[in-house]
Amino acid sequence: MSAMLARVADSLYWTARAIERADTYARLLEVSHAMSRESADTQAGDRSVWEPLVDITGDLEAFRRTHVHVNETSAVWFLSFADENPNSIISCITRARNNAQSVRDLLPTEVWEALNTVYLELSSWPPGRLGRGGVYPFSRQVRRAVHLLHGLVDGSMRRDATWHFLRLGRFAERADKVARLLEVKYRLVLPEEAALVPGTEFHQWRSLLRSGGADEAYVKLATGKDSPRELVQLLVVDDKFPRSIVFCLDQIAESLRHLVWAGDIAEAHNALSLVAQTRAELSRDVPSINGSLATAMDHVQLRCNQIHAALAESCFAYAPGYEGGAWHAQAAGQPQN
Amino acid sequence: MNATLFSDYRLAGYYDEMFDDDAEPRDAYRGLFSGVASLGSDVFTRKTDLAGACYLNEGITFSHHGREHPFPFDLLPRLIRADDWAWLSAALRQRVTALDRFCSDVYGAQRCIADGVVPRWMVVSCKGYLREMVGLRPPKDRWVHLAGIDLIRDEDGVWRVLEDNLRTPSGLSYVVQNRTFMRRVFPEAFAGYAVRRVDGAPIQLRRALMQSAPDGVADPRLVVLTPGPMNAAYYEHSFLAQQMGVPLAEGRDLVVRNQRVYLKTTAGYDPVDVIYRRIDDAFLDPVCLRQDSLLGVPGLMGVYRAGNVALCTAPGTGVADDKAMYAFVPDIIRYYMGEEPLLQQVPTYLMERPDDREYVLDNLRSLVVKAVDGAGGYGILIGPHSTAEERAEFAQRIDDNPRGYIAQNTISLSRAPVFLGGRFAARHIDLRPFITYGARPEVVPGGLTRVALKEGSLVVNSSQGGGSKDTWVLER
């Protein structure tokens with residue numbers, strides 16, 4: 001068996017990233033919605049919940065181009081169904097589905113079917129339902145679909161290059177988003193980078209855990225002191241927790257080593273040394289909640305970008321599609337009698 | 001024929017696939033009829049909806065005017081008796097073998113022209129005639145690797161060829177998937193029937209393609225070349241690549257270096273030996289053919305000429321499936337095979353022959369007129385269903401460009417029951433069997449039965465609102 005098409009590897013990687021992103025945003029929406037229920041002051045809620053939410057996605061600037069106020073209605077819409085937001089859940093699912101369609105010869109039929117089904121279901125969601133029924137049913141449907149996809153991918157696919165490129169995308173996305181989440185929430189809770197007084201903003205920290213899908217794992221580990229230190233441990237350096245940054249880095253490293261070993265990508269890969277470097281940095285200086293966390297998380301995001309760039313340069317290099325309608329028109333116009 | 005589901009069913013003088021002239025089910029259909037007749041309309045409706053959901057979830061859709069539609073599927077299978085099939089297979093092998101040899105001759109020695117079988121003007125005026133292929137001999141001298149021959153049955157149940165599709169015949173994926181969904185939603189229909197399996201069709205195609213690799217290649221590397229997801233048949237391209245276990249490539253994934261074709265992979269460049277291409281001849285190579293092609297591979301024809309890659313189907317085979325060349329196919333079969341053609345054709349008039357043209361222009365109301373390079377049911381005049389205005393327009397078009405049109409007698413295609421609006425109604429159908437050709441021609445034991453869903457319509461193309469049926473070739 002010879003190596004995979006560069007374009008196909010790229011599509012697989014982005015399919016997985018888009019799926020993971022939809023899952024992250026669905027979870028964020030759900031947690032934010034729950035938090036804002038308990039906040040009596042709507043304006044304070046907008047500032048403490050909805051604005052940081054849009055900020056976490058990194059699309060606050062884009063948001064401000066089309067919306068004046070960040071509030072529940074506008075933020076929920078922007079992250080769920082907004083076509084103009086390339087990172088809204090519907091855009092992610094659509095992109096994942098279209099990407100998967102271009103590589104569906106490599107995906108198990110059931111994986112494609114699950115992706116196509118959630119795409120068709122979400123496409124037919126009545127827009128008013130989010131306002132009426134809350135975000136929970138929507139978020140739940142997205143997250144279930146993603147779990148189903150992960151289950152099918154892990155349960156039915158051979159551990160070949162196809163599977164490894166999917167895993168690379170999934171964990172590259174996750175590492176990046178966990179770092180982003182920690183950075184934004186940290187700045188929000190401690191705007192002056194002052195020392196954290198345990199307990200005062202505990203509500204925020206717990207919601208952060210829920211956003212990271214780490215709530216229950218944390219409760220099991222916590223010694224009862226509810227110290228944010230353990231929270232950082234869990235989300236950043238716990239190599240047994242599948243949503244920690246270090247866990248993600250280990251998965252990425254393992255897939256890269258497999259690909260090198262199987263001859264699917266070149267040896268002495270830049271991405272591999274970058275991953276090892278990042279992991280070492282995190283384990284050496286476990287970021288402390290007092291002061292260094294935001295900087296450290298900013299650095300992790302920078303590293304994630306570098307890892308991605310290294311992959312793009314070495315294995316995703318192929319001629320891009322041609323711009324404009326001529327290419328599409330030619331492709332569409334090929335007779336298939 | 002007294003079950004409620006068939007209460008409105010009328011034979012109306014057409015040849016019916018399921019019922020004989022006395023409205024009794026034909027032998028082969030008896031078990032199926034009694035099974036179906038015992039079902040309620042609601043059960044059949046539910047099953048039909050379930051089948052529709054299967055197609056939509058799989059993403060098996062056909063785009064029509066820019067929108068995606070699921071391919072309509074009728075649950076009552078079309079049966080073909082084992083003895084009928086044995087005869088049809090032999091007839092199809094004969095036809096495809098002759099067409100393959102004809103391509104080889106046209107671009108080679110041109111004996112058929114010298115011997116007066118086909119006039120030179122006829123050959124060189126074909127839209128599908130490719131001058132760049134003259135003198136070029138493809139690997140194994142194989143030209144036609146996959147053919148889809150459209151067959152119909154007339155008023156008397158006689159099989160006739162309607163047209164040949166040699167370039168990029170589409171539908172093999174539907175043959176396989178119709179059966180898959182049939183088993184899923186209507187398993188009880190199979191009771192008492194031994195049906196030939198069709199799920200080996202992609203492997204059969206792969207075998208034919210591998211056998212057509214350049215000489216001396218021990219373990220040929222095969223790819224499917226697609227125009228990309230924008231193409232209406234993209235589902236089929238991805239399905240065939242997946243089922244054959246080979247990469248699905250776009251033009252931009254391939255590159256030519258030192259007279260070889262390579263795939264751009266994550267690890268570098270991988271040589272390619274056989275390309276099953278689903279893009280048009282003219283778009284294959286912007287250096288040699290259409291310069292504005294964004295779908296092809298620069299330098300591909302040079303590699304082909306050097307004998308280092310097989311293109312399947314070979315460029316230039318359009319000369320053999322041209323709708324006017326069709327009129328010469330019986331003679332082509334006699335010439336190359338030294339035997340009588342087994343399959344009947346539809347009587348065809350060539351507009352470049354003055355007598356033919358005069359007759360056609362006088363009888364447009366009763367004839368079918370087709371553009372020779374038309375496909376997908378476009379550019380057709382069905383005389384009996386036409387308006388005076390349409391006939392005037394086609395008369396003008398024929399006058400302007402006689403080589404561009406042919407006319408044929410209108411054939412009343414056979415009909416079969418189709419479940420529509422809670423009842424079975426009779427609709428016209430055809431059959432597209434598929435023939436793979438590597439070392440020798442082999443017929444896929446099944447085919448795509450296409451249905452004209454509009455009442456009375458004779459046009460079965462999916463782009464014209466057609467649907468399909470699973471086609472069962474019986475073991476005995």
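**Notes on chains A and B of the predicted model**

1. Let's start with helix α6 of chain B, residues 172–185. With 14 residues at 1.5 Å a residue, α6(B) should span 20 Å, and its end C-alpha atoms are indeed 20 Å apart, so the two agree. The expected span here is 1.5 Å times one less than the number of residues. Helices are DSSP runs of H or I with at least four residues, strands are runs of E with at least two, and both are numbered from the N terminus. Of the 14 residues in α6(B), 11 are buried, so to speak of a mostly covered helix is fair. Buried means under 20% relative accessible area, exposed means over 50%, and partly exposed is in between, using a 1.4 Å probe and protein chains only. Among the buried ones are Tyr174(B), Arg179(B), Phe181(B) and Met182(B).

2. A word on conventions before going on. This is a predicted model, where local features need pLDDT of at least 70 and side-chain atom pairs count only at pLDDT 80 or more, while totals for chains, interfaces and linings use all residues. Residues are numbered from 1 along each chain as its sequence is written, chains are lettered from A and ligands numbered from 1 in the order in which they are written, and side-chain values use heavy atoms, with hydrogens and water left out.

3. Next, have a look at strand β4 of chain B. Eight of its eight residues are buried, so β4(B) is largely enclosed by the rest of the structure. Leu146(B), Gly148(B), Asp150(B) and Ile152(B) point one way, and Ala147(B), Ile149(B), Leu151(B) and Arg153(B) point the other way. β4(B) pairs antiparallel with β20(B), residues 434–437, over three bridges; strands count as paired if DSSP finds at least two bridges between them. In that pairing, Leu146(B) stands opposite Thr436(B).

4. β4(B) also runs antiparallel to β5(B), and six bridges join these two strands. Gly148(B) has Asn165(B) as its bridge partner in β5(B). The hairpin of β4(B) and β5(B) has five residues between the strands, and there Gly157(B) takes a positive phi near 80 degrees.

5. Asp154(B) deserves a closer look, in the loop between β4 (146–153) and β5 (159–165) of chain B. Its relative accessibility is 3%, so Asp154(B) counts as buried. A polar atom of the Asp154(B) side chain lies 2.9 Å from the backbone nitrogen of Val158(B). The Asp154(B) side chain also makes a polar contact of 2.9 Å with the side chain of Arg160(B). A polar contact is a pair of N or O atoms within 3.5 Å; within protein, one must be able to donate a hydrogen and the other to accept it, and residues adjacent in sequence count only if both atoms are side-chain atoms. Leaving aside neighbours within four places in sequence, Asp154(B) is in contact (heavy atoms within 4.5 Å) with Tyr15(B), Arg160(B), Ile411(B) and Ser412(B).

6. Elsewhere in chain B, four strands form an open parallel sheet in the order β7-β6-β11-β12. β7 (248–249) and β12 stand at the edges with a single partner strand each, so one side of each is left without a neighbour in the sheet. β6(B), residues 222–225, pairs in the parallel sense with β11(B) over four bridges, and Leu225(B) stands opposite Arg277(B). Three bridges join β11(B) to the parallel strand β12(B), residues 310–312, where Leu311(B) is the bridge partner of Ile275(B).

7. What covers which faces of β11(B), residues 274–277? Val274(B) and Tyr276(B) on one side and Ile275(B) and Arg277(B) on the other are all buried, so to speak of both faces as covered is fair. Together with helix α9(B), residues 300–305, the strands β11(B) and β12(B) make a right-handed β-α-β unit. Right-handed means that, with the strands pointing away from the viewer, the path from the first strand over the helix to the second runs clockwise.

8. Finally, chain A meets chain B at Asn116(A), which lies in helix α6 (residues 109–123) of chain A. Asn116(A) counts as buried because its relative accessibility is 0%. Not counting residues up to four places away in sequence, Asn116(A) touches Arg97(A), Leu56(B), Asn57(B), Glu58(B) and Gly59(B). A polar atom of the Asn116(A) side chain lies 2.8 Å from the backbone oxygen of Asn57(B).
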